[in-house]
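Please load the model in your viewer and keep the sequence beside it. We will walk through it together, one piece at a time.

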Amino acid sequence: MSFSGKYQMESHDNFESFMEAVGLPDELIQEGKDIKSISEIEETGDHFKVTVTTGTKILTNSFTIGQETELESPTGEKSVVTREGNKLTAILNGIEYVTELTDANTLVNTMTLSGMSYKRTSKRM
């Protein structure tokens, strides 16, 4: 399945606890907890461009599977994104990021740090 498309967040689990654990300030947690983000993914072979719009904040990352890439984050850390079937994985700042197409229209993002996870489910628009 191709990741290409636009997805709107439908639900998320453990947002507040996870964001507190990673050190996000309370005011940003409260602002972000009810915003429905939109993710746009462009997949061309092994190259991806991912744009996530959350309210007025836009985060864009471009990467090629298996190549070290600097991903947009507060520390600008480099990571390697790998692909196994319909699953993309990267580790950034000690957090494991997994993006998975669970079916043709459902995108599930899971972030895990020290055994604690945050899960976001989005549907293709």
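Ala90 stands opposite Tyr97 in strand β9, and this is a good place to start looking in what is a predicted model. The two residues belong to the pairing of β8 with β9, where six bridges hold an antiparallel arrangement. Follow the chain from one strand to the other and you cross a hairpin with two residues between the strands, in which Asn93 takes a positive phi near 55°.

Now step back towards the N terminus. Strand β7 covers residues 82–84 and strand β8 covers residues 87–92; the two run antiparallel and are joined by three bridges. Here the partner to look for is Leu88 in β8, which is bridged to Arg83. β7 and β8 also make a hairpin with two residues between them, and Gly85 in that turn has a positive phi of about 65°.

Going the other way, what does β9 pair with further along the chain? Strand β9, residues 95–103, pairs with strand β10, residues 106–113, in the antiparallel sense, over seven bridges. Asp103 stands opposite Thr106 of β10, and the connection is again a hairpin, with two residues between β9 and β10.

From β10 the path leads on to strand β11, residues 116–124, and this antiparallel pair has eight bridges. Thr112 stands opposite Ser117 in β11. The hairpin of β10 and β11 has two residues between the strands, and Ser114 there takes a positive phi near 50°. As you trace these strands, it helps to remember that side chains in a regular strand alternate between the two faces of the sheet.

Let us turn to the helices and the charges around them. How many salt bridges does a search of the whole structure find? The search gives two. One that you can inspect is formed by Glu16 and Lys33, whose closest N and O atoms are 3.9 Å apart. This pair links distant parts of the chain: Glu16 sits in helix α1, residues 15–21, while Lys33 lies in the loop between α2 and β2, 17 residues apart.

Which residues form a negative patch on the surface? They are Glu20, Asp26, Glu27 and Glu31. Helix α2, residues 26–32, gives the most to this patch, with three residues; Asp26 has its place in that helix.

Finally, compare the model with the record. An unreviewed UniProt entry lists residues 5–22 under "domain: Cytosolic fatty-acid binding proteins". Over residues 5–22 the model shows 39% helix and 50% strand, and the C-alpha atoms at the two ends are 29 Å apart.

Notes. Residues numbered from 1 in each chain as written. Predicted model: local features only at pLDDT ≥ 70, side-chain atom pairs only at ≥ 80, totals over all residues. Heavy atoms only, no water. UniProt positions renumbered as here; feature names shortened; annotations may be inferred. Helix = DSSP H or I, 4+ residues; strand = E, 2+ residues; numbered from the N terminus. Pairing = 2+ DSSP bridges. Patch = residues over 30% accessible without salt bridge, like charges linked within 9 Å, V, L, I, M, F, W, Y side chains within 5 Å. Areas by Shrake-Rupley, 256 points an atom, 1.4 Å probe, with all protein chains shown as cover. Salt bridge = Lys/Arg side-chain N within 4 Å of Asp/Glu carboxyl O. Lys, Arg positive; Asp, Glu negative; His and termini not counted. Charge placed at Lys NZ, Arg CZ, Asp CG, Glu CD.
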